[in-house]
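The following exercises ask the reader to inspect a protein chain step by step. Each task is followed by a worked solution.

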Amino acid sequence: MTRSRLAVLLVVAAAIAAFFLAGGHRGLSLEALKAQQATLQSWQAAAPMRSAAFFFAFYVAVTGLSLPGAALLTLGAGALFGLLWGTLLVSFAAAAGATVAFLVSRFVLRDWVQQRFGRQLAGVNRGVEREGAFYLFTLRLIPAVPFFVINAAMGLTPMRAKTFYWVSQLGMLPGTLVYVNAGRQLAAIEAPGDILSPGLLAAFVLLGSFPLAAKKLVGALRARRVYARWGRPARFERNLVVIGGGSAGLVAAYVAAAVRAKVTLVEKHRMGGDCLNTGCVPSKALIKSARVLAQIRRHRDYGIRAAQAQADFAEILARVRRVVRAVEPHDSAARYRALGVECLQGEAQIASPWEVDVRFPGGETRRLTTRSIVVAAGARPLVPPIRGIEHTGYRTSDTVWDLAALPRRLLVLGGGAVGCELAQCFARFGSRVTVVEMLPRLLSREDPEVSDSVLAGLRADGVEVLLGHKALHFVRDGGERQLVVGHAGGEARVGFDELLCALGRVANTEGYGLEALGIRITASGTIETDAHLQTSY
């Protein structure tokens, strides 16, 4: 730190220490102000210009040094100077003091912070350069974050001091008006009965409702910016359009119809989505067969002297399909139409925040207008870009149900939930199963105890589990398909007859208009939403 920066830091620290040592913090209390109210008002009446200048300088000093008491001083401004002059004094003094704090933070800390944490702050810096004024205005309008924190933090960014000043002045003005008005009303209390005066009650209502009103205003301003380039339809044909007829889309459409909303559900493939057709329902039916087979083989554990069973893989898959067909009517278009949902089979393309184009299998297109859109397009299995995989042939959780026969040797890539449950099933049916997991344990998102329990269960069923093994590439050796894996001891080869990729899923975010609307996608590939699952729209 240079001498000049150190000198500024010492001056600020000395001023703050002097303030507290002199008892300034005790003077900035509501009780102290009420006790000195008559004296202060007399002083203000005798020397209005001098008192206003002193108040302005003191307010700048308090906010510039980030001392506690700015809110109380704002109330005091209303009590001493009235609504108009109190608002003017506080508005300019608060903006000036905030800018002083901003400049001190910038001079003393910004270079050091940017040098040390520049890489981590690169995204923040870009955001401030692009929309810093709007971010600052939002923070000023909704006082959820203490203003002294905002002043210091913004000083570390590339924001220009001029921009910081005028945005702070404008953003703090509504809150200043509310607080000064409340202070003006507090000054009028002469007796306990005055507490219930209409003016004071109105001031407190305004004070309490300001953050909510400010939040609504910020939301309206943000929405106006986001929707500015789109033309709003003159009328809406429906309340909601749901894109995707899987588990999420079905529930969304069901709830909307239950509250008498006019809702349209668009599904391009099969109603029920992955859960019904390739995920939850068929996998649990498969697990049930595997569990019954395993229990029969452990008949002695249940006090049964003799019992035997042999898996018929073709019949097991036939049963799985029967279970899917039994559940299918609950997710069918006919049932949802009976519930009041318009069900369309086609490909949805979002044309604007209120319009969805549906292209039907025959080629014709229909435009829907709607107040809201739910994107529930689901996900697809992740196929890793491992060299040779495209020539090897593979199955996923979507296509494993098309197997014609039980594979003699099954290689499972991935030790997550899907990989573990299908590995155990096929091992119980009679396959030689090998699971390859790059991480040091299975089910890495779960507690270690869960991973250990699942590992023990798989090995008890004869599954070979290779932990800490990374898939490198696929080869063919004498007609045999093999995976080359790397581990701490070097490389090894794993032969197989069928390959199951179970390395997770990728959200379906392409192909239905998100790009044209500028809706952001997260680093993990999902749609970026807020706490209410809303996009930037």
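**Exercise 1. Locate S66 and describe its surroundings.**

Step 1. S66 belongs to the loop that joins α5 (48–64) to α6. Helices (H or I, at least four residues) and strands (E, at least two) are DSSP runs, numbered from the N terminus.

Step 2. The model is a predicted one, in which local features need pLDDT of at least 70 and side-chain atom pairs count only at pLDDT 80 or more, while totals for chains, interfaces and linings use all residues. Residues are numbered from 1 along each chain as its sequence is written, and side-chain values use heavy atoms, with hydrogens and water left out.

Step 3. The relative accessible area of S66 is 33%. Buried means under 20% relative accessible area, exposed over 50%, and partly exposed in between (1.4 Å probe, protein chains only). S66 is therefore partly exposed.

Step 4. When neighbours within four places in sequence are left aside, S66 is in contact with A101 and F148; contact means heavy atoms within 4.5 Å. S66 and A101 are 35 residues apart in sequence, and their C-alpha atoms are 7.0 Å apart in space.

**Exercise 2. Describe how α6 and α8 cross.**

Step 1. Two packed helices are described by the angle between their axes and the distance between the axes. Axes are lines fitted to C-alpha atoms, for helices over the stretch in contact, and angles run from 0 to 180 degrees between N-to-C directions.

Step 2. The axes of α6 and α8 come within 7 Å and cross at roughly 45°. Angles under 35 degrees count as roughly parallel, over 145 as roughly antiparallel, 65 to 115 as roughly perpendicular and the rest as oblique. The pair α6 and α8 is therefore oblique.

Step 3. The crossing of α6 with α8 is right-handed. A crossing is left-handed if the near helix is turned anticlockwise from the far one by less than a right angle, and right-handed if clockwise.

Step 4. On the α6 side, A98, A101, F102, S105, R106 and R110 take part, and they meet N151, A152, M154 and G155 in α8. By class, this contact of α6 with α8 has 5 nonpolar, 3 polar and 2 charged residues. Here Ala, Val, Leu, Ile, Met, Phe, Trp, Tyr, Cys and Pro count as nonpolar, Asp, Glu, Lys and Arg as charged, and the others, Gly among them, as polar.

**Exercise 3. Is S105 buried or exposed, and which residues does S105 touch?**

Step 1. S105 is placed in helix α6 (residues 70–117).

Step 2. With a relative accessible area of 7%, S105 is buried.

Step 3. Not counting residues up to four places away in sequence, S105 touches R110, A152, G155 and L156.

**Exercise 4. Describe how α7 and α8 cross.**

Step 1. Helix α7 (residues 122–141) and helix α8 (residues 147–155) have axes that come within 10 Å and cross at roughly 165°. The two helices α7 and α8 are therefore roughly antiparallel to each other.

Step 2. The crossing of α7 and α8 is left-handed. L136, L139 and R140 of α7 make the contact with F147, I150, N151 and M154 of α8. Sorted by class, the contact of α7 with α8 has 5 nonpolar, 1 polar and 1 charged residues.

**Exercise 5. Which sign does phi have at R260 and at L533?**

Step 1. Most residues other than glycine have a negative phi.

Step 2. R260, although not a glycine, has a positive phi of about 65°. R260 sits in the loop between α11 (247–258) and β2 (263–267) and, at 72% relative accessibility, counts as exposed.

Step 3. L533 also has a positive phi, near 60°. L533 lies in the segment after α19 (514–517) and counts as exposed at 70% relative accessibility.

**Exercise 6. How many helices, strands and disulfides are found?**

Step 1. The chain has 19 helices and 15 strands.

Step 2. A search of the whole structure gives 0 disulfides, a disulfide being a pair of cysteine sulfur atoms within 2.5 Å. C275 is partly exposed at 26% relative accessibility, whereas C425 is buried, with a relative accessible area of 2%.

Step 3. Of the 537 residues in the chain, 41% are buried.
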